[in-house]
There are 2 protein chains.
Amino acid sequence: MKHRIITISREFGSGGRTIGKSVAQRLHIPCYDQELIETIAEKSGFSQDYVRRTGEDTPRSGWFANALVGRSLSGASNQDYLWSIQRRTILELAQQGPCVIVGRCADAILKDQADCLTVFIHAPLAIRAKRIVQRYGETDTAPEKRLREKDRRRAAYYQFYTDLEWGAAKNFHISLDSGALGLDRCVDLIAGLY
Amino acid sequence: MKHRIITISREFGSGGRTIGKSVAQRLHIPCYDQELIETIAEKSGFSQDYVRRTGEDTPRSGWFANALVGRSLSGASNQDYLWSIQRRTILELAQQGPCVIVGRCADAILKDQADCLTVFIHAPLAIRAKRIVQRYGETDTAPEKRLREKDRRRAAYYQFYTDLEWGAAKNFHISLDSGALGLDRCVDLIAGLY
């Protein structure tokens, strides 16, 4: 195989991003996460913050209203435009050489690439709740409620743009419970499959 | 940990049963599949064939009708009775010592057992179709159609009795695509986690 790509899709708070970075370090290949956001922001003209917030989760409120109101006369919304840039950027990156790509529906975008290993990382709610409080601090909203909302928004985005079911094992070569197995074990398993 | 149980849930035709047997051989622990059916048949008074057909898939037709018509005055159907025997048998087996248990919702029945590794094996439809023709021969019905019907019946049974979504990655510690990874690699990964 000419190129070897690993896509890491993950539930918010599951440690998927950390796992992705560690796998890339272990394999001495780039990990596209923040860099991917920068490239998409540059190409699309949107701010990095907008790309980060909007490129894999539906907006915090009014997704359906937004999907209609935000559309231009051609029928495309800002989200649709961002999706097309994001999709093209991921396809281009996959042509450049081996890498790890975290999130942004890369698994679905690259699923017909024979040289792509698709990974899904998930964890029980309580473990993810503890993790997001450690990483992002407390807010007025209980972490479990923040997670449920984020899960809903991520699933809606994924299903809308890929027409695939979010979190279904069949969409991935390997799915791992990082809470039960631990982050290090997940890194070992994924790197071992490469 | 006192006991170590591995449950293997699997899509029909994914090779999950073969993987389960190989894992058990590798680890020198028993694999409950045919023996489980024999025990449940003995305890319930149903034939082995009935247990095999009815203990993890809804009946071939009239599931909803059957669920109502087959119920006794107490509200329990033959399937409900079989489920209760099956559930108790699996809980008892898990108390006896380390083992691999294939199918029969063992993952859901044992999910609160801390010493249980839950595995889901799946594979693309085309690979499963080839496999069931090799193993069970051709029939008048196309293998893809047989698989889709079996998938529907297994999902319906699982969701009815466990209240969990069939095939959702989050219900398992590890989910593997045996078509992409190969059966041997799946055995290595599972045995390596034990």
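Contact here means heavy atoms within 4.5 Å. This is a predicted model, in which local features need pLDDT of at least 70 and side-chain atom pairs count only at pLDDT 80 or more, while totals for chains, interfaces and linings use all residues. Side-chain values use heavy atoms, with hydrogens and water left out, residues are numbered from 1 along each chain as its sequence is written, and chains are lettered from A and ligands numbered from 1 in the order in which they are written.

**Chain A as a whole**

- Chain A holds ten helices and five strands, where helices (H or I, at least four residues) and strands (E, at least two) are DSSP runs numbered from the N terminus.
- Of the 194 residues in chain A, 55% are buried, a term that stands for under 20% relative accessible area, with exposed meaning over 50% and partly exposed in between (1.4 Å probe, protein chains only).
- Among the contacts in chain A with a separation of 6 or more, 73% are between residues 24 or more positions apart.
- The accessible surface of chain A is about 9,300 Å², and 49% of this surface belongs to carbon and sulfur atoms; such areas come from the Shrake-Rupley method with a 1.4 Å probe, and for residues only the protein chains shown count as cover.

**The two copies and their interface**

- A turn of 180° with a shift of 0.0 Å along the axis lays chain B on chain A with an RMSD of 0.0 Å, and the two copies are thus related as by a two-fold rotation axis; the superposition is by least squares on the C-alpha atoms of residues with pLDDT of at least 70 in both.
- In the interface, 20 residues of chain B are in contact with 20 residues of chain A, and 100% of the interface residues of chain B are also interface residues in chain A, so the copies meet through the same surface.
- About 1,500 Å² is buried between chain B and chain A, with carbon and sulfur atoms giving 61% of that area; buried area is the accessible area (1.4 Å probe) that two parts lose on being put together, summed over both.
- B:A169, B:H173 and B:L193 supply 31% of the area that chain B buries against chain A, which is more than any other three residues.
- Strand 4 (116–122), strand 5 (174–177), helix 9 (178–181) and helix 10 (183–193) of chain B each supply at least two residues of the side that touches chain A.
- The rule finds zero salt bridges across the interface of chain B and chain A, a salt bridge being a side-chain nitrogen of Lys or Arg within 4 Å of a carboxyl oxygen of Asp or Glu.
- Nine residue pairs, both members at pLDDT 80 or more, are in polar contact between chain B and chain A; a polar contact is a pair of N or O atoms within 3.5 Å, where within protein one must be able to donate a hydrogen and the other to accept it, and residues adjacent in sequence count only if both atoms are side-chain atoms.

**Salt bridges**

- Over all chains, a search of the whole structure finds 22 salt bridges.
- A:R128 and A:E11 meet in a salt bridge (3.3 Å, N to O), and since A:R128 lies in helix 7 and A:E11 in the loop between strand 1 and helix 1 of chain A, the pair ties together parts that are 117 residues apart in sequence.
- Both partners are buried, A:R128 at a relative accessible area of 3% and A:E11 at 10%.
- A:R26 forms a salt bridge with A:D188, with the closest N and O atoms 2.9 Å apart, and this pair links helix 1 to helix 10 of chain A across 162 residues; A:R26 is partly exposed at 44%, as is A:D188 at 40%.
- A:D57 and A:R154 also meet in a salt bridge (2.9 Å, N to O), with A:D57 buried at 2% and A:R154 buried at 6%.
- Salt bridges that share partners join A:R10, A:E56, A:D57, A:K150 and A:R154 into one network.

**Loop residues**

- A:H28, in the loop between helix 1 and strand 2 of chain A, has a phi near 55°, a positive value in a residue other than glycine, and counts as exposed at 72% relative accessibility.
- A:I29, which is placed in the loop between helix 1 (16–27) and strand 2 (31–32) of chain A, is buried at 13%.
- B:N171, in the loop between helix 8 and strand 5 of chain B, counts as buried at 18%, and a polar atom of its side chain lies 2.9 Å from the backbone oxygen of B:E165.
- Leaving aside neighbours within four places in sequence, B:N171 is in contact with B:T118, B:Y158, B:L164 and B:E165.
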